[in-house]
Amino acid sequence: IVYYICSKADDTLRNKLRKERILELISKSDENIDAILVFAGFILNDDEFSDFLKNGGLNMFEICVNTNSVQAMSAAIRFGLKIPKIELKIFLFKIVQFLQSNSVVSPHILQFLTRFEFDELSEFKKQIALSIMDVISKVEDQQTFDAIATLLPLVKSSLTMNQMRLFYTLLTCDLVIPSSFVSILIESPDNWSHASLILSILKAMAKSDIDEVFLKFLRKCAKEEKEVFVQLYQMKDFFETMQGLLDSDSDSNRTPQAPLFLLFCISPIEDAALKLANHPMLSSLINMKGFQIQRLQIFTSLCNHETFCTHTQYIDGIIHILVKSISMKSLTKYALHLICAFSSHPEGCRLLNENGVLELTSEDAEASHIILRNFARNNRKNSTIPQGAMIVSCLMQDMIYNIDKRFEILDTIVTLVKIMPGCVQEHDLLKII
């Protein structure tokens, strides 16, 4: 009855049981000590445990710990989670011994052990590590995971790389994951499995605020392990997980910086870009609020691929964002980079020409030169560049005043004149050339 009450009772029944002083009545029994401890843990207020321990409670705890019974040990541990740990240190050795021999109680014992400092647990490091590895595949609740996450820094040095990889599954268990746990997995010297780790962290992001530590890890991979991204985009569930994060972030205040950076890292891979071309994730990206710079950078990387521009059904949405961004001073630089990407191939030149994007002016001379040269070289239809004569005339004037860029300017002029011989004005040739 006690076990049933403690698992089902609400505050109303608890208060009634306290009023009837039931604990005082059953505490006189010499049998079923485990049930008395469970009931005491349920019925007592925090400031009442000390008196209970002095009046026989500590003796009951010792009896349960020394009884080689799962039920008795489980009751002792449940009770031990609520009382001052100073009373319990003398029982550590016996409890850890039981930890090794019975996995049924292990989750509660691990929770119990988190109450102690690491220097108090260091002599039991090996036993705790073995118990964690036994429990790891059976974690179903947040409390057990929190215990494992708390104890992992203590035991990580005694675990192999293969054992550390088993912790990846915990990231996908619909639990709240702390950044400290992710950091430990990232710091493990195991480059071989980083693609699996990244996908697991992505899945954890649905419930956990780990964007900052994840972004730092991705930046490190982008510098030192670019091959990871080639493996990653081909993994099962990758695109669906990414889309879920982008869609959920639009409905919350969570920052999607890490998923956006990850998209930026896979976009230079042509096959990945083609998989994205008609994936609903691209629609989510186009319709996302905020993060204009990051999104423009992703579109720039994607639109460097002519095959992407040819196959995607979302090109109008990208062009719309481009035209809107070019007039905003804070985004002009990134919009020009996107125009540069379009101008690097014939299909992009066609899109720029049809949408009148080349007519938009810019203060970024370097980007403008790249765009003009690209357009002149890649324009299959030999469309006239809007105001070509005036552009060439201005470039010639620039040769007088911008000495440092003289070679670049001349290269642009030559490229333009090859496709538009009639754009050169005689007085510019006489006065400048």
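A salt bridge here is a side-chain nitrogen of Lys or Arg within 4 Å of a carboxyl oxygen of Asp or Glu. The model on screen is predicted, and ten salt bridges are counted in it.

**Stop 1: helix 25.** Select Glu347 and Arg350, whose side chains meet in a salt bridge at 2.6 Å, N to O. Both residues belong to helix 25 (residues 346-354), three residues apart, about one turn of the helix. Glu347 is buried, at a relative accessible area of 15%, while Arg350 is partly exposed at 29%. Add Glu354 to the selection: salt bridges with shared partners join Glu347, Arg350 and Glu354 into one network.

**Stop 2: helix 15.** Next, select Lys220 and Glu224, a salt bridge with its closest N and O atoms 3.3 Å apart. The two sit four residues apart in helix 15 (residues 211-224), again about one turn of the helix. Residues three or four places apart in an α-helix point the same way, because the helix has 3.6 residues a turn. Glu224 counts as exposed, with 54% relative accessibility, and Lys220 as partly exposed, with 42%.

**Stop 3: helix 5.** Show residues 49-66 as a backbone trace. Helix 5 has 18 residues, yet its end C-alpha atoms are only 21 Å apart, short of the 26 Å that a straight helix would reach. Where is the kink in helix 5 centred? Look at Gly56, the centre of a kink of about 70 degrees. The buried residues of this helix include Phe49, Phe52, Gly57 and Phe61. Now add Phe79, which forms one aromatic cluster with Phe49 and Phe52.

**Stop 4: aromatic pairs.** The count of aromatic pairs is eight. Select Phe167 and Phe181, an edge-to-face pair with 6.3 Å from centre to centre and 65 degrees between the planes. Phe167 is in the loop between helix 12 (161-165) and helix 13 (179-187), and Phe181 is in helix 13, so the pair ties together parts 14 residues apart in sequence. Both Phe167 and Phe181 are buried. Then move to Phe261 and Phe264, whose ring centres are 6.3 Å apart with planes at 40 degrees, so this pair is tilted. They are three residues apart in helix 18 (residues 257-266), about one helical turn. Phe261 is buried at 19% relative accessible area, whereas Phe264 is partly exposed at 34%.

**Stop 5: a surface patch.** Finish with a surface view of Leu410, Val414, Leu429 and Ile433, a nonpolar patch with about 340 Å² of accessible area together. Val414 lies in helix 28 (residues 406-419) and is partly exposed, at 39% relative accessible area.

Definitions and conventions
Residues are numbered from 1 along each chain as its sequence is written. This is a predicted model: local features need pLDDT of at least 70, side-chain atom pairs count only at pLDDT 80 or more; totals for chains, interfaces and linings use all residues. Side-chain values use heavy atoms; hydrogens and water are left out. Patches are made of residues with over 30% relative accessible area and no salt bridge: like charges are joined within 9 Å, nonpolar side chains (Val, Leu, Ile, Met, Phe, Trp, Tyr) within 5 Å. Accessible areas come from the Shrake-Rupley method with a 1.4 Å probe; for residues, only the protein chains shown count as cover. Buried means under 20% relative accessible area, exposed over 50%, partly exposed in between (1.4 Å probe, protein chains only). The expected span of a helix is 1.5 Å times one less than its number of residues. The bend at a residue is the angle between axes fitted to the seven residues ending there and the seven starting there. Rings of Phe, Tyr and Trp (its six-membered ring) pair if their centres lie within 6.5 Å; planes under 30 degrees apart count as stacked, over 60 as edge-to-face and the rest as tilted.
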